[in-house]
Amino acid sequence: MVLRVGISGRRVELGRGHGSWRCACAVCRTDDRQGRGAELGRAVECTISGVRFLQSQYGFSKDSLTQQPTMLAQSALLAAGAAALAVVAAVFLLPGPAPHLPWAPRGRFADMILANATIYTADPVRPFGVAMAVRGGRVLHVGTYDSVKEFRGKHTYERNLSGNVVLPGFIDSHVHLIDGGLQLARVPLRGVKSKDVFISRVKEAVRDKHPGQWVRGGGWNNDFWGGDFPVAAWLDDISPDNPVWLTRMDGHMGVANSLAIKIAGIDKNTNDPVGGTIVRTTEREPNGLLVDAAMKLVLDVIPDVSLTERREALLRASRHALMRGVTTVVDVGSYFPGMSEKQPWQDFSDIYQWAQSMGKMMIRVCLFFPLPTWSRVCDLIHEKGRLLSEWIHVGGVKAFLDGSLGSSSALFYESYKDDLGSFGLQLIDMDVLLNATLESDKSGLQVAIHAIGDKANDMLLDMLDEVVNLNGMRDRRFRIEHAQHLAPSAAKRFGEHNTIASVQIIC
């Protein structure tokens with residue numbers, strides 16, 4: 001658990017007074033107390049829900065930061081994010097906040113004082129402090145060491161950070177948290193740079209399985225080894241008795257071995273599902289690659305992951321995030337093209353609410369649910385509010401318009417160079433998408449829709465114009481997830497209705 005600081009409606013007077021931060025990011029949007037802001041993918045968490053200490057040996061020393069605070073602070077933040085905050089030097093366990101709202105700190109004295117630090121505040125008036133007082137998981141005061149002395153009591157723990165840097169926790173605005181946690185325990189193919197290593201990783205995993213057990217993994221990127229897609233023939237010799245399913249890093253494509261294809265009942269006579277593609281050989285036989293909705297053909301025959309495994313995945317992913325300084329995430333759920341809308345709701349009730357009740361939540365989560373279930377989201381908010389606890393916040397709804405570039409399923413005006421005649425996939429009818437968006441928007445829900453290709457982004461921007469015309473202007477913070485490839489005229493259109501380009505950088 002990291003030093004955590006919750007949401008509050010009062011703005012801190014850094015170095016001068018008491019209080020806490022008010023969230024000004026476009027992701028959180030907890031209620032009307034929140035400020036306005038803009039979000040572009042990952043952002044520094046202005047609610048300061050966590051604090052990490054970076055060793056000065058990595059270049060983030062007090063002297064180097066204070067010489068050129070603005071430029072170097074930005075460099076520190078970017079470098080910290082790029083390095084995945086792997087240079088964490090300390091994590092402190094603190095008592096949690098009071099179990100009721102609001103989470104006002106009680107008592108006079110601090111639980112902990114951090115001294116001799118370089119504390120980046122994100123406040124342009126006072127960008128840095130040297131000491132911080134914390135109580136009940138809340139920042140009481142940031143400023144000089146003398147200014148925090150009044151909070152020191154008999155049982156206050158004090159830590160000298162020797163000039164090391166303290167940063168607010170990071171928000172990752174687009175994750176599939178539980179799926180990511182599951183992947184951390186499967187065949188690791190992220191970063192693999194050759195066919196041989198790809199095959200050897202799978203071979204090693206098969207060695208630990210009994211005949212008939214599924215081998216699952218993912219994270220591969222064919223661009224890392226020259227562009228050739230993996231196919232069933234790569235896997236068949238090393239997994240004759242085990243079905244294999246390995247997803248691409250973007251989640252929009254997977255490769256199965258021939259045994260898995262057979263179990264799924266896929267052959268040359270199987271039609272492509274709506275919104276998906278079965279990639280085939282010149283003889284029309286399936287070659288093992290399945291794109292978007294076609295993945296469901298294999299996913300439907302894979303045994304369900306147990307509840308215990310999914311709960312462990314949440315904890316595993318949360319620890320993974322914390323070790324990289326990420327203290328809040330927007331979880332867009334276990335929901336992909338062609339998949340059931342039930343899983344995110346099962347995860348909410350069986351995993352998130354379980355973790356909350358058992359005191360096992362480690363990071364804050366903002367949950368998005370499938371767009372077709374918008375009315376259920378409204379009922380949840382009406383019954384319990386958006387802020388379900390200190391840890392869990394109901395964000396909005398999510399949908400897909402197209403696929404991904406790497407899987408050749410992003411929707412473009414021009415055809416793919418290596419697949420002339422293919423422009424990508426449109427995964428949902430625009431009338432269906434418009435009607436669901438209109439109803440969600442009328443109900444005050446934030447809507448996030450996946451679009452990667454230039455045509456898909458233009459289609460969404462056109463649709464948003466219609467939503468605004470029909471529902472009127474308001475601070476809706478519509479999100480286009482990824483917004484990866486834009487036509488020349490599209491960029492300025494994002495500003496017309498304050499549409500968020502929710503960009504995710506995949507390394």
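Contact is taken here to mean heavy atoms within 4.5 Å, and it is in this sense that the packing of helices is described for the present structure, which is a predicted model.

Under that criterion, Leu307, Arg310, Arg311, Leu314 and Leu315 of helix 9 meet Gln343, Asp347, Asp350, Ile351, Tyr352, Trp354 and Ala355 of helix 10. Sorted by class, the residues of this contact comprise seven nonpolar, one polar and four charged. Two packed helices are described by the angle between their axes and the distance between the axes. For helix 9 (residues 307-322) and helix 10 (residues 342-357), the axes come within 10 Å and cross at roughly 70°; because angles of 65 to 115 degrees count as roughly perpendicular, helix 9 is placed roughly perpendicular to helix 10. The crossing of helix 9 and helix 10 is right-handed.

A second helix pair is formed by helix 12 (residues 430-442) and helix 13 (residues 454-471), whose axes come within 10 Å and cross at roughly 45°, and which are therefore oblique to each other. The crossing of helix 12 and helix 13 is right-handed. On the side of helix 12, the contact involves Met430, Leu433, Leu434, Thr437, Leu438, Asp441 and Lys442, and these meet Met459, Leu460, Met463, Glu466, Val467, Leu470 and Asn471 of helix 13. The residues of this contact divide into nine nonpolar, two polar and three charged.

Helix 13 itself has 18 residues, for which a rise of 1.5 Å a residue gives an expected span of 26 Å, and the end C-alpha atoms are 26 Å apart, in agreement with that expectation. The buried residues of helix 13 are Asp454, Ala456, Asn457, Asp458, Met459, Leu460, Leu461, Met463, Leu464, Val467 and Val468, and they pack not only against helix 12 but also against strand 20 (446-451) and strand 21 (479-482). Helix 13 is followed by Gly472, whose phi is positive, near 90°.

Outside these helices, Thr281 lies in the loop between strand 15 (276-280) and strand 16 (286-292). With a relative accessible area of 34%, Thr281 is partly exposed, since that class lies between the limit of 20% for buried residues and that of 50% for exposed ones. Thr281 and Lys268 are 13 residues apart in sequence, while their C-alpha atoms are 9.4 Å apart in space.

Technical notes:
Residues are numbered from 1 along each chain as its sequence is written. This is a predicted model: local features need pLDDT of at least 70, side-chain atom pairs count only at pLDDT 80 or more; totals for chains, interfaces and linings use all residues. Side-chain values use heavy atoms; hydrogens and water are left out. Axes are lines fitted to C-alpha atoms, for helices over the stretch in contact, and angles run from 0 to 180 degrees between N-to-C directions. Helices (H or I, at least four residues) and strands (E, at least two) are DSSP runs, numbered from the N terminus. Angles under 35 degrees count as roughly parallel, over 145 as roughly antiparallel, 65 to 115 as roughly perpendicular and the rest as oblique. A crossing is left-handed if the near helix is turned anticlockwise from the far one by less than a right angle, and right-handed if clockwise. Ala, Val, Leu, Ile, Met, Phe, Trp, Tyr, Cys and Pro count as nonpolar, Asp, Glu, Lys and Arg as charged, and the others, Gly among them, as polar. The expected span of a helix is 1.5 Å times one less than its number of residues. Buried means under 20% relative accessible area, exposed over 50%, partly exposed in between (1.4 Å probe, protein chains only).
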